[in-house]
Amino acid sequence: SNPFEVKVNRQKFDILGRKTKNDVGLPGVSRSKAIKKRTHTLLKEYKEREKTNVFNDKRFGEYNTKLTPEEKMIRRFTLERQQNYGKKNIYNLNEDEELTHYGQSLADIEKLNDIVDSDSDTEERGTLSAELTAAHFGGGGGLLRKKVSSGQQDEEEEKPKSRKELIEEMIAKSKQEKQERQTRRESALELTEKLDNEWKEIQTLLAHKTPKSERKDKEVEKPKPDEYDMIVRELGFEMKAKPSERMKTEEELAKEEQARLQKLEADRLRRMRGIDEEANKKKPSHVSADDLADGFILDKDDRRLLSYKDGKINIENEEEEKEEEGDGNGGKEDSEDEQESEEESESEDEEDDAEDNHSDLQSDFESEEETAGNKEEKKQKTKKEPENVEELDPKREAAKSELPYTFAVPESYETFKSLLAGRTIEQQLIILERIQKCNHPSLAVGNKAKLEKLFGFLLEYIGELATLDLPELRTIDRLILPLYNLCQMFPEAASDSIKFILRDAAHDMEEAIEVKGRATFPGLDTLVYLKITSLLFPTSDFWHPVVTPAFMYMSQLLTKCRITTLQDVIKGLFICCLFLEYVSLSRRFVPEVINFLLGVLHISLPKKQAQGYTVVHPFTPVGKNLELLLVCDKEDLESWQKQNLPLSILTRLKESSRTEINHTRLSCLAMCFDLIKKCAALYESLPSFHEIMHPVRTLLTQHVPVNEYPEKMQEWYHSALKELESKAKHYTPLICEKKKPVPLKQYTPKIVKVLEFGRKQASSKKEQERKQLIQRHKRELKGAIREIRKDNQFLARMQLSEIMERDSARKRKVKELLGSLATQEGEWKAMKRKKWK
């Protein structure tokens, strides 16, 4: 062995008690031994895999008495075909197999023993007999000789037939064959019809159905189809979906709307000026059918009108007609010029229409009177004039009363206010809608800035409506929709406008506190703006650039504004309602609302009972406004009925009577009970609900004189108290326990000392044996896998060597055959050359 191939397994450290094997490895020795062992065992089994020393009768069904000989033969034949069908080795190209084409062997096809398959019909259409082809294409000589020879064998005495006779005989024979085919076809058709009729009769007997003739007499109930069948039929007859039209973009819709409004405005202006569109259209007169001037339209009607005067026919003069026609055309041209000039400027048109006294109509009529020569014509024209004026005046007045269809965005608030002044709420909404449609941002570059200004103008207009002596709250309610649409189009500009209003209101309140030392509730316009904020922007966000400042401003109003009048109470309750609306989704806790409701209950008690609880600013325990909501008149208490408190009542309290004021106080108290109930339902999920509502519950149960209130008020009181008590039972206040909790018993962990890292720890003998078995099983499994892999590699090498040997033998045989063929070809060529020489 080569010393350089010797492998030495060295160890870094010598360890006592550890056995080492194969310290020195000789490569090739163990490998050659393994190959020899496999050649004696595995290779021998591989070569003798299809051989056996025992004869077994494996014929199918040989000893089965239940099978007939035919079944045995059929089964054996199929097994034999199955064995010969599959290739033994799919990668071996030298294996002998039979190649086929459409089920036929290629070896049989190469022998050219093809069987002609006739695909022709039973009628044998297009087939020519041998005699016919020989007579027409072969010259007829061979056929004649054949016929003569056959005739000599049959009848030696007969003379040979001529060509003409043979052809006539052939034609007669073909006609006879054709007639026979026709008769066979007709007989076959008759038989099929007869068979069909017999089959129908048999079929009616088999299906137990009556024939159609009998079925008409007897009404047979058809079975109702199932739900599944009905659904299938509906799907079959269902209309297929057709492609719909393309969805138009916002710009296209805005352009279409603008064009529609402009067309309507032009139509309105035309009606307002008294121009009849149908009269200007030229109506074609009658043209005969023989006229060749296609599309020619006559300008006038030359037919004369028949009139009578004093029992005689009055015929108009041609000259007068021409003059009248000239005047009429001039009038039309003047009216068209006026129409064009008026459509150029809309503002001038409106002023001219307002000051119009029908001067254009009078001038036309005067010119007609001057040109007319006869007095009778003058009388007739003067009779017709007032009729035309009466017909045009209602249309023009109706057109003037209509709203214009196109509007420009006002540049200032005064223009905007004058545009809406004197209009009904429906007309104001229509004007705002048409302003938005005619000045959509997609139609021009500067429309966006104009509509942003329009939002500010509309806000200012709403505030002005709220500050009137009789505030128009219904008009404000209807104007919220266009305000919302503008806010959706320009959210940034809308948020800036409302933030500006809220900032000014907050600054006014701070200045009032600095100057006077106290603040008052704002006017009705600010309260309306706070309501509009909740409608235009989301109030459930954790932080919002508009809602959050509004939230802070309302909390400052409830804590810093003192309650001195009944109007302040109503405004504070309105802000509490707004707070509950703001936090209805987020359920955010607002302590200012609870404090204000507690103060409202405080000012409804008499001074004697207003003790034993604390009151927080802006309410005071003592003062002249302590009994602001106290009602002592029994008649007013008995006549009170629950009613809503609209914001418009703030301007009417000064003019109200004492009874009305007392009823308003009771309504405020009832609203306070209702808000307490809503707060209890809103904050029931808070863990500290009991602590939050404890002062309100104490005030209701211990200090409020319930028995003095009307029955309806008592119902509101009991419903609020019931809501508080039912929610308070679910929560208990957090209290520290007096003793420490007893800890749970725990099992002490089992501590196992690790003597050396990586070493197997001591265990029982049974466990050690189990671990040894597991380890040995792993080792044996790895060895078995390794040996199986090596056996497979050995067999693969043997198979490859066999294939290579067969390939080399085939190549050798091919070379030998080619060589022999080459020698044969050379010998044949040499013999051919000698022959020619």
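This report describes selected helix contacts, aromatic pairs and individual residues in a predicted model of a protein chain.

## Overall composition

The protein chain of this predicted model holds 29 helices and 6 strands. Of its 837 residues, 24% are buried. When contacts with a separation of 6 or more are considered, 70% of them are made by residues 24 or more positions apart.

## Helix α17 and its two partners

Helix α16, spanning residues 413–420, and helix α17, spanning residues 425–438, have axes that come within 10 Å of each other and cross at roughly 130°. The two helices α16 and α17 are therefore oblique to each other, since the crossing angle falls outside the ranges that count as roughly parallel, roughly antiparallel or roughly perpendicular. On the α16 side the contact is made by Phe416, Leu419 and Leu420, which meet Gln428, Ile431, Leu432 and Ile435 of α17. By type, the residues of this contact between α16 and α17 comprise 6 nonpolar and 1 polar, with no charged residue.

Helix α17 also packs against helix α19, which covers residues 473–489, at an angle of about 10° and with the axes 10 Å apart. That angle makes α17 roughly parallel to α19. From α17, the residues Ile425, Glu426, Gln428, Leu429, Leu432 and Gln436 take part, and they meet Thr475, Arg478, Leu479, Pro482, Asn485, Leu486 and Met489 of α19. The contact of α17 with α19 is made up of 7 nonpolar, 4 polar and 2 charged residues. Gln428 and Leu432 of α17 are listed in the contact with α16 and also in the contact with α19.

## Aromatic pairs

The structure contains 9 aromatic pairs. One of them is formed by tyrosine 413 and phenylalanine 416, whose ring centres are 6.5 Å apart and whose planes stand at 35°, so the pair is tilted. Both residues belong to helix α16, where tyrosine 413 and phenylalanine 416 are 3 residues apart, about one turn of the helix, and both are buried. Ring pairs further link Tyr413 and Phe416 with Phe457 and Tyr461 into a cluster. Phe416 is also among the α16 residues that meet α17.

In another pair, the rings of phenylalanine 589 and tyrosine 683 have centres 5.3 Å apart and planes at 75°, so this pair is edge-to-face. The pair links distant parts of the chain, because phenylalanine 589 lies in the loop between α23 and α24, whereas tyrosine 683 lies in the loop between α26 (658–682) and α27 (689–702), 94 residues apart. The two partners differ in burial: phenylalanine 589 is partly exposed at 32% relative accessibility, while tyrosine 683 is buried, with a relative accessible area of 2%.

## Helix α24 and leucine 597

Leucine 597 sits in helix α24, a helix that runs over residues 591–602. With a relative accessibility of 2%, leucine 597 is counted as buried. Leaving aside residues up to four places away in sequence, leucine 597 touches Leu573, Cys672, Leu675, Ile676 and Cys679. The C-alpha atom of leucine 597 is separated by 8.5 Å from that of phenylalanine 673, although the two residues are 76 residues apart along the chain.

## Loops on either side of α24

The loop between α23 (566–582) and α24 includes arginine 587, whose phi is near 55°, a positive value in a residue other than glycine. Arginine 587 is partly exposed, with a relative accessible area of 42%. Phenylalanine 589, described above as a partner of tyrosine 683, lies in this loop between α23 and α24 as well.

The loop between α24 and α25 (634–639) holds serine 604, which is buried, with a relative accessible area of 2%. A polar atom of the serine 604 side chain lies 2.7 Å from the backbone oxygen of leucine 601. Not counting residues up to four places away in sequence, serine 604 touches Leu626, Leu629, Leu630, Leu669 and Tyr709. Proline 618 is found in the loop between α24 and α25 too, and a cis peptide bond, with omega about 15°, joins histidine 617 to proline 618.

Methods: Residues numbered from 1 in each chain as written. Predicted model: local features only at pLDDT ≥ 70, side-chain atom pairs only at ≥ 80, totals over all residues. Heavy atoms only, no water. Helix = DSSP H or I, 4+ residues; strand = E, 2+ residues; numbered from the N terminus. Buried < 20%, exposed > 50% of the residue type's maximum accessible area, 1.4 Å probe, protein only. Polar contact = N/O pair within 3.5 Å; in protein donor to acceptor, adjacent residues only side chain to side chain. Contact = heavy atoms within 4.5 Å. Axes fitted to C-alpha atoms, helices over the stretch in contact; angles between N-to-C directions. Parallel < 35°, antiparallel > 145°, perpendicular 65-115°, else oblique. Nonpolar A, V, L, I, M, F, W, Y, C, P; charged D, E, K, R; others polar. Phe/Tyr/Trp six-rings, centres within 6.5 Å; stacked < 30°, edge-to-face > 60°.
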